[in-house]
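Walk me through this structure. Start with the overall make-up of one chain, then go down to single residues and their partners.

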Amino acid sequence: AVGPKGIFRVIERSEQWSVGELEPEDFGAIRELSMNPIGDRIISAFFSPGKETVDFASFVRILAHFHPTETSRSRDGVQPEPANSRTRKLKFAFQLYDQDRDGKISREELLQVLRTMLEMQVTEEQLQSIAERAIQEADLDQDDAISFDEFRKVRGVDLIRDQIDNWEY
Amino acid sequence: MEDFWGLAVQLLHVWMFVVFFLIMLPAMFGLSLGVTGVYIQVLVHILEWATLRIQRGRQQQPSVPVPLPNGIIEHAGGSMEEEMGRLRSGSLAEGKFCLSDVFYFYKKGVESIVDDQVTQRFSSEELNSWNLLTRTNQNFRYISLRLTVIWGLGVFVRYSVLFPLRITLATIGLSWLVIGTILVGFLPESSVKNWLSELVHLTCYRICARGLSATIVYHNRENKPQKGGICVANHTTPIDVVILSNDGCYAMVGQIHGGLMGVLQRSMVRACPHVWFERSEMKDRHAVASRLRAHVAAKTKLPILIFPEGTCVNNTSVMMFKKGSFEIGGTIYPVTIKYDARFGDAFWNSSKYNMVSYLLRMMTSWAIVVNVWYLPPMTRQDGEDAAQFANRVKSAIAHQGGLLDLAWDGGLKRGKVKDSFKEEQQKQYSSIITVGNII
């Protein structure tokens, strides 16, 4: 878990990359990330739309999404959703698809992700048919796009919801 | 005032006496008085006691996190197929794309931001338990008074007793090396010259090793590199050269530097044929290869010492071997060097410390304890290309030392990843979702 030692390590690593604010290029220092097909999207998730740098506090706040989910609730009852709740984690994944942040995954956005995950391994027609089938299965209100609620209900995503609790960093 | 000077001179005499008779003379003959051995035994006992105390302290303070052996993430492990299978929980049809597949890449991506396999190797290894040196102190909480007192004593002993001794030895060792090799260089080529040059090199390296309180154990000495061969080893620090040269003479390969190093290099090459390159020559791989080939072909010359990783790695793993050294031909003698991290961290993090501060840190550690294994010689087999041969040798070295065998290139310390790696990932994923050729 990212306890005090983890934060120390994160500080050390971001010092390795640059001083002060992080830029997208700095993440290039992580080799395994450069090799990840959706690496660029994960990197851009750390930056607010329109901004080109992220300061350390925001960087850590976003990483905090990935702390293991607390399963116990306090006795207060109504509480604001903690940053590392499952929903936040799912939302992060949703935004990997929904780059323009309009709350829906359009056909084009889905195609883009498929393209980065598969690139030259499949033809354009194959990509189109994969995307077509995925949307048909997920799109419950027939508006030709996948909203966050539809995303959560997709078979596969709902199964992941339970596993997300145990993702440990 | 004069009494003071008289006293100082007397102390100096005693000091030089101790250094000469108790350390240098034995070094020349390859003997040891066993003092270092006793010192190491005592140290081991103290460190074990300290470990127990810290463990007891940890039980009482459960907030102190326990270090994981390979970074700070607990991995479930497995290939892309296995992990995706787990994420899909086996209930989805094989060979179909699912919106949830992105979670695999997303999880891996974020994990690598927090801690990845390559960057880890370029910082010092983390110890399971603190070894009473402030520099390895990652998680120190105050545990007990006794521990702190021992630590304080340790600081005192290391800095005021051991450090001056080591500096003296190192200075003597290096200056004798320069003077000795220059003198031997005046002799004409003959077997006497070779014998003398070996003696000078060995003696001075042994003195330097004492200057670091190095305890070296050589295993399987029957496999020691022979003349006309190439010795290949994993690289952790420039001190590797001293460690290996304590047991035999090697022809070194490298760039000519300026300054003190340059003086050393130029004088050494008079006495015995090392292979030094100008900076411009290093870029020309063919020139380098042909010089090395010529050296190896003359079977009477000393074995060449090469570190195929090309850079210093932190001694927990072996990174990709550059195939250039394996194209030269001749017999390869692999050697594994493993440092015991409890006594001092030998890894040279060149981005953090320069050479001088690194050496100072070395001289103020407890000691350097090394295990050197000579592996049986290997030659390139038919049908094997240089890269495959290099990997074979690398695996043998990693296996012997209990190091992780990584396929990553040490040059990544400074450079970027090739696109072919990303393609690999894409290929793997596409084969998962196109099972049975139906999409």
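What follows is a short tour of a predicted model.

Begin with chain B. Its secondary structure consists of 13 helices and nine strands. The chain has 439 residues, and 48% of them are buried. Its accessible surface is about 21800 Å². Carbon and sulfur atoms account for 61% of that area. Contacts in chain B often bridge long stretches of sequence. Of those between residues at least 6 apart, 77% join residues at least 24 apart.

Turn now to the strands. Strand β3 of chain B covers residues 251-255. Four of its five residues are buried, so the strand is mostly covered. Which strands pair with β3(B)? One is β4(B), residues 275-277, which runs parallel to β3(B) and is joined to it by three bridges. Within this pairing, Val253(B) has Val275(B) as its bridge partner. Another is β5(B), residues 304-306, also paired with β3(B) in the parallel sense, over two bridges. Here Ala251(B) is matched with Ile304(B). In a regular strand, side chains alternate between the two faces of the sheet.

Next comes helix α6 of chain B, residues 191-210. How far apart should its ends be? With 20 residues at 1.5 Å a residue, the expected span is 28 Å. The end C-alpha atoms lie 29 Å apart, which agrees. Many positions in this helix are buried, among them Val200(B), His201(B), Leu202(B) and Thr203(B). Cys204(B), Tyr205(B), Arg206(B), Ile207(B), Cys208(B) and Ala209(B) are also on the buried list. An α-helix has 3.6 residues a turn, so residues three or four places apart point the same way.

Two residues of α6(B) deserve a closer look. Take Ser197(B) to begin with. Is Ser197(B) buried or exposed? Its relative accessibility is 3%, under the 20% cut-off, so Ser197(B) counts as buried. Beyond its sequence neighbors up to four places away, Ser197(B) touches Val184(B), Ala271(B) and Cys272(B).

The other is Lys193(B), which is among the buried residues of α6(B). Its side chain meets that of Glu189(B) in a salt bridge, with 3.3 Å from N to O. The two partners differ in cover. Lys193(B) is buried at 4% relative accessibility, whereas Glu189(B) is exposed at 67%.

Salt bridges appear elsewhere too. How many does the structure hold over all chains? The total is eight. In chain B, Arg392(B) and Glu384(B) form one of them, at 2.7 Å from N to O. Arg392(B) is partly exposed at 28% relative accessibility. Glu384(B) is at 14%, which is under 20%, so Glu384(B) counts as buried.

Chain A has salt bridges as well. Glu124(A) pairs with Arg115(A), and their closest N and O atoms are 3.1 Å apart. Both ends of this bridge are partly exposed: Glu124(A) has a relative accessible area of 35%, and Arg115(A) has 29%. A network of salt bridges also links Arg107(A), Glu132(A) and Asp144(A).

Stay in chain A for a buried residue. Ala93(A) sits in helix α5, residues 86-97. Its relative accessible area is 0%, so Ala93(A) is buried. What does Ala93(A) touch, not counting residues up to four places away in sequence? Its contacts are Phe151(A), Phe103(B) and Tyr106(B). The list therefore includes residues of chain A and of chain B. Ile42(A) is 51 residues away from Ala93(A) along the chain, yet their C-alpha atoms are separated by 9.1 Å.

Finish on the surface of chain B. A nonpolar patch there is formed by Val14(B), Phe17(B), Val18(B), Phe20(B), Phe21(B), Leu22(B) and Trp176(B). Together these residues have about 630 Å² of accessible area. Where does the largest share of the patch come from? Helix α1 of chain B, residues 2-28, supplies six residues. Val14(B) is found in this helix. Its relative accessible area is 51%, just past the 50% cut-off, so Val14(B) counts as exposed.

Definitions and conventions:
Residues numbered from 1 in each chain as written. Chains lettered and ligands numbered in written order. Predicted model: local features only at pLDDT ≥ 70, side-chain atom pairs only at ≥ 80, totals over all residues. Heavy atoms only, no water. Salt bridge = Lys/Arg side-chain N within 4 Å of Asp/Glu carboxyl O. Buried < 20%, exposed > 50% of the residue type's maximum accessible area, 1.4 Å probe, protein only. Contact = heavy atoms within 4.5 Å. Expected span 1.5 Å × (residues − 1). Patch = residues over 30% accessible without salt bridge, like charges linked within 9 Å, V, L, I, M, F, W, Y side chains within 5 Å. Areas by Shrake-Rupley, 256 points an atom, 1.4 Å probe, with all protein chains shown as cover. Pairing = 2+ DSSP bridges.
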